[in-house]
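Welcome! Here is a short guided tour of a protein for anyone meeting it for the first time. Have a look at the structure, then read on.

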Amino acid sequence: MTDDSGELLRALHADYGDALYAHALRLVGGDRQRAEDLVQETLLRAWRHPEALDPERGSVRAWLFTTARHLAIDAWRRRSVRVSEVVTDTVPESVTDDETDRAVEAWAVAEALARLSPQHREVLVECFYRGRSVAEASARLGIPPGTVKSRTHYALRALRLALEELGVTR
């Protein structure tokens with residue numbers, strides 16, 4: 001590590017350390033050791049990818065918080081596949097509902113939708129995202145209303161399963 005990179009880490013820690021630690025503490029459910037490890041790993045990622053910290057690419061704080069959130073989710077997934085460790089069946093939620101949580105949730109829903117068949121995906125998009133009634137979706141998709149209803153039923157079941165596979169449950 002050069003003096004410049006050491007200086008970068010010191011500056012990041014001085015500017016964002018307390019807020020990042022508080023965020024990490026919420027992400028790991030109050031476990032101080034895991035929060036410290038999460039902050040350390042986040043700062044290590046920043047050191048390895050200084051180009052990501054360019055203010056022209058976006059907010060440094062947002063990058064740090066998003067990286068911490070991704071690392072926490074990755075760690076939770078690694079722990080959840082170990083047989084010897086007891087893990088709850090939900091991803092740890094942070095206390096506050098911030099932009100990072102919404103972004104991760106949107107990513108998970110988009111990923112789950114992508115796993116559905118095209119027919120299931122299009123009926124959910126029409127009925128839930130575009131707010132169309134069964135009759136409107138039927139006319140738009142060129143299928144009978146009964147088919148829209150049954151596809152919606154099976155699509156929601158498939159979506160729930162895909163979300164569970166991604167570790168998202170409510």
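Let's begin with helix H7, residues 145–165: at 1.5 Å a residue, its 21 residues should span 30 Å, and its end C-alpha atoms are indeed 30 Å apart, so the two values agree. Please keep in mind that this is a predicted model. The protein as a whole has seven helices and zero strands.

**Helix H7**

- The buried residues here are Val 148, Thr 152, Ala 155, Leu 159, Ala 162 and Leu 163.
- Around the axis they cover an arc of only 100°, which means that they sit on the same side of H7.
- Turned away from that buried side is a face with the exposed residues Lys 149, Arg 160 and Glu 165.
- After H7 comes Gly 167, which has a positive phi, near 85°.

**The largest nonpolar core**

- In soluble globular proteins, nonpolar side chains tend to be buried together.
- In this protein the largest nonpolar core has 18 residues, and Leu 12, Leu 20, Leu 38, Leu 43 and Leu 64 have the most contacts inside it.
- At least two residues of this core come from each of helix H1 (3–27), helix H2 (32–48) and helix H3 (60–80).
- H3 gives the largest share, with six residues.
- Which residues does Leu 64 touch, leaving aside its neighbours within four places in sequence? Leu 64 is in contact with Leu 12, Tyr 16, Leu 20, Thr 42, Leu 43 and Ala 46.
- Another core, of 14 residues, lies apart from this one and includes Ala 112, Val 123, Val 148 and Leu 159.

**Helix H2**

- The 17 residues of H2, at 1.5 Å each, should span 24 Å, and the distance of 24 Å between its end C-alpha atoms agrees.
- Buried in H2 are Ala 35, Leu 38, Val 39, Thr 42, Leu 43 and Ala 46.
- Because their arc around the axis is only 130°, these residues are on the same side of H2.
- The N-terminal end of H2 is capped by Asp 31, with a side-chain oxygen 3.1 Å from the backbone nitrogen of Gln 33.

**The whole protein**

- Read from the N terminus, the order of elements is α-α-α-α-α-α-α.
- The protein has 170 residues, of which 32% count as buried.
- Taking contacts between residues at least 6 apart in sequence, 58% join residues at least 24 apart.
- About 10700 Å² of the protein is exposed, and carbon and sulfur atoms supply 53% of that area.

Key: Residues are numbered from 1 along each chain as its sequence is written. This is a predicted model: local features need pLDDT of at least 70, side-chain atom pairs count only at pLDDT 80 or more; totals for chains, interfaces and linings use all residues. Side-chain values use heavy atoms; hydrogens and water are left out. A nonpolar core is a set of buried Ala, Val, Leu, Ile, Met, Phe, Trp, Tyr and Cys residues joined through side-chain atoms within 4.5 Å. Buried means under 20% relative accessible area, exposed over 50%, partly exposed in between (1.4 Å probe, protein chains only). Helices (H or I, at least four residues) and strands (E, at least two) are DSSP runs, numbered from the N terminus. Contact means heavy atoms within 4.5 Å. The expected span of a helix is 1.5 Å times one less than its number of residues. The arc is that of the directions from the helix axis to the C-beta atoms. A polar contact is a pair of N or O atoms within 3.5 Å; within protein, one must be able to donate a hydrogen and the other to accept it, and residues adjacent in sequence count only if both atoms are side-chain atoms. Accessible areas come from the Shrake-Rupley method with a 1.4 Å probe; for residues, only the protein chains shown count as cover.
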